[in-house]
Amino acid sequence: MRWLVGWSTATAGTSGPEGAGTTGPDGETVQPVGSQLLWGDPDPLWAVGDWRPDEIRTVTVDPRTRLAVLGTCGATDEELRLGLIAARGGALRHLTAWSGSYTAVVQAGRRITVAGDLAGARPVFHTPWSDGTAYATAALPLADLVEAHLDIGHLAALLAAPDVPEALHDSTPYLGVRRIPPGHALILRQGAREIAGYDPVTSLAVAAPPTDATSAVDGVRDALVEAVRARLSAPRHVPAAMTDPGPVPGMGPAERRAARGTPAPGIGADLSGGPASATLALLAAGLPGVPGTVLGHGTGAGERLLAVTFNDLAARAGAAPGERPGDELARAGALAADPRLHHVVVTGGEEALPYVDLEGPLTDEPGPSLTTAARHRARLASGSADHFTGHGARQVLDAHPARLADLLLDRKRRHLVRPVAALSKADGSVSVLVPARVYGAARRLARTSYRTGVDGLAEQLLRRRLDEPPGPVGASLAALTWARPGPAARWLTGEALAEVSGRIHSAASRPGPGPGQRPGDFRARAALARHAADLRILEQAAEIRFQRLHAPFLDNQVVRACRALPEALRVRPGARAEILRSVLEGAGVTDLPPGWGTPSHAPQATAARTGLNVALPDLMALFDTPLLADAGLVEARVVRKALRAAAEGEPLPLDGLADLVSVELWLRRLLARRGTCWTGTPARQRAVPTGTVVAARGALGTAARP
């Protein structure tokens, strides 16, 4: 893990020698373990972890005005200096308008500004500490700093309503540690905090501004090209551990590297056969320079982009008769025929199925990807030191079903025809009732206020009305709401659901007009934030030493460009594939294989179902005496019954089971932890110092205290 951490206090502290730490509230010297001090008191800032030298950039105008940018940033030094001058005057958006994925921290006198990103992949956390506020880009270091207990109410909300901002609000799994919403910045003035938004949202008061589809797609192309170029222009890193020590009998270079557990030097990308990863791989291979130059042509010729495809043999063997999991593999092979790509196929058996290998490191927060971390690690181990992934493309390009209501708000009814017809076809129905039901649900959502919709969810949870209609049409109808229960809600206790219902009621009753957004835009942003948060957990759980994962679709500028796409274009069936095809054509890539962009969720569902069957004994043992039951969130017998039923083929929401398993795993790893993120005299405690989970009856939100 890598993070930055610092604080702002009302009174100036006292620093020791450079990097020696800062005086804490009890007179002890407090310093993060494994850190480098970027600047000292009175408002110190550290970078913690294995940051590369080029990933930490600082600009100083005078001793009290400076900027730190951590991550991959395509801005020049002059652009950083101009951004610092603008931020000193209060302009925040300049800090978030450069290509790449990064966190920017500005110090202007005693004012500290920390800008999060739009997607939520680089969040910012804060907590009261001493006589001010501490902040970080990870929650666990702050929980260690203040010895925070578990927030059982947050875990209940994470399971009952993970896509609902009103349920989670700004909480984290640690009591007292708060999260900054995506698209906002934390501003500290001598310890006093303020949270300010820096990006406008689509208002309910006026119609969406008209946007030309062609210029919007061109904007997406330009943003993606700049995002990829920012990664390609960064220095290459070959640590000593990645250097091949020499021949070993019976082992080639790839086998020797795998035995060392290090990635291949250079640039690589996933090549799953889907349009998102293929777009990034072809863009990276086709940009001028390296990688992607054919042997004998140009400077640095011969360095081809490493394209990695995962072939799940166990899932293919367990596929249902109508499923064709080999189609994406065939498309990946056709794309890899490009001479600029070096194609590697990683095969996975039962050991790479979800749920089978549940060993792994402690992550900052729980996330569903904990159940598939070993699967991703097997693929990434064959990747490059800088590896592109297509994560986030579906969330930023696809139309959430609730966007149909946005079209009605804009009086664009005719654009509902094609998506509704595609839903009818996917459901296998020729009845006119399907379009009527979808149109009616979209119309109800367009006429429903935000507060009414959120109160409806609270009532659903309180009354345990959690069943949803089956099939694609049923899923779309359930999504045509301001808020909906999560897939794991059906297995929570009544007390846990009541707690989440109360949290939602409290959030809805706060003064203010609500989100001030259209329902489709609101739901899409919430889904993007959840996906970005889970990707952050996946990076920590499946981390390969010396490797960096790059998800350009989650960059600020790419997210902005995608949000500019007109709704009428988004809701078309196959819109994501067509948009990415246009992006590649604009970049000069036209030869795409047949079946490009064909949607397929079957391989993931098949793998989850097969892994659940293989790992059932271990999962039953995991929920023999679960910590979730100690917290009052579930009953062990209910979860065990659900696991057995899912393994026997009952149509249960597998995503909900993944949520339950991941939270249970995370709790066990957290309580088994013995270290801390801080060093000091006297020795610092750690998060959840009691090492136990205790639920106070009737007060889940303040549980986990001894």
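How many residues lie between β8 and β9 in their hairpin, and which residue in the turn has a positive phi? The hairpin has 2 residues between the strands. Gly-109 is the turn residue with the positive phi, at about 70 degrees. These values come from a predicted model.

**Strand β8 and its partners**

Strand β8 covers residues 100–108. It pairs with β7 and also with β9, as the table shows.

| Strand pair | Partner residues | Sense | Bridges | Opposite residues |
|---|---|---|---|---|
| β7 and β8 | β7: residues 65–73 | antiparallel | 9 bridges | Leu-67 and Val-106 |
| β8 and β9 | β9: residues 111–115 | antiparallel | 5 bridges | Val-105 and Val-114 |

Is β8 enclosed or open to solvent? Buried here means under 20% relative accessible area. By that cut-off, 9 of the 9 residues of β8 are buried, so the strand is largely enclosed by the rest of the structure. Both faces are covered. One side carries Gly-100, Tyr-102, Ala-104, Val-106 and Ala-108. The other side carries Ser-101, Thr-103, Val-105 and Gln-107. Val-106, on the first of these sides, stands opposite Leu-67 of β7. Val-105, on the other side, stands opposite Val-114 of β9.

**Nonpolar cores**

The largest nonpolar core holds 104 residues. Within this core, Tyr-174, Leu-633 and Leu-660 touch the most other members. Helix α26, residues 654–672, supplies the largest share of the core, with 10 residues. A second core is separate and has 64 residues. Its members include Ala-223, Ala-532, Leu-535 and Leu-565.

Note on methods. Residues are numbered from 1 along each chain as its sequence is written. This is a predicted model: local features need pLDDT of at least 70, side-chain atom pairs count only at pLDDT 80 or more; totals for chains, interfaces and linings use all residues. Side-chain values use heavy atoms; hydrogens and water are left out. Buried means under 20% relative accessible area, exposed over 50%, partly exposed in between (1.4 Å probe, protein chains only). Helices (H or I, at least four residues) and strands (E, at least two) are DSSP runs, numbered from the N terminus. Two strands pair if DSSP finds at least two bridges between them. A nonpolar core is a set of buried Ala, Val, Leu, Ile, Met, Phe, Trp, Tyr and Cys residues joined through side-chain atoms within 4.5 Å.
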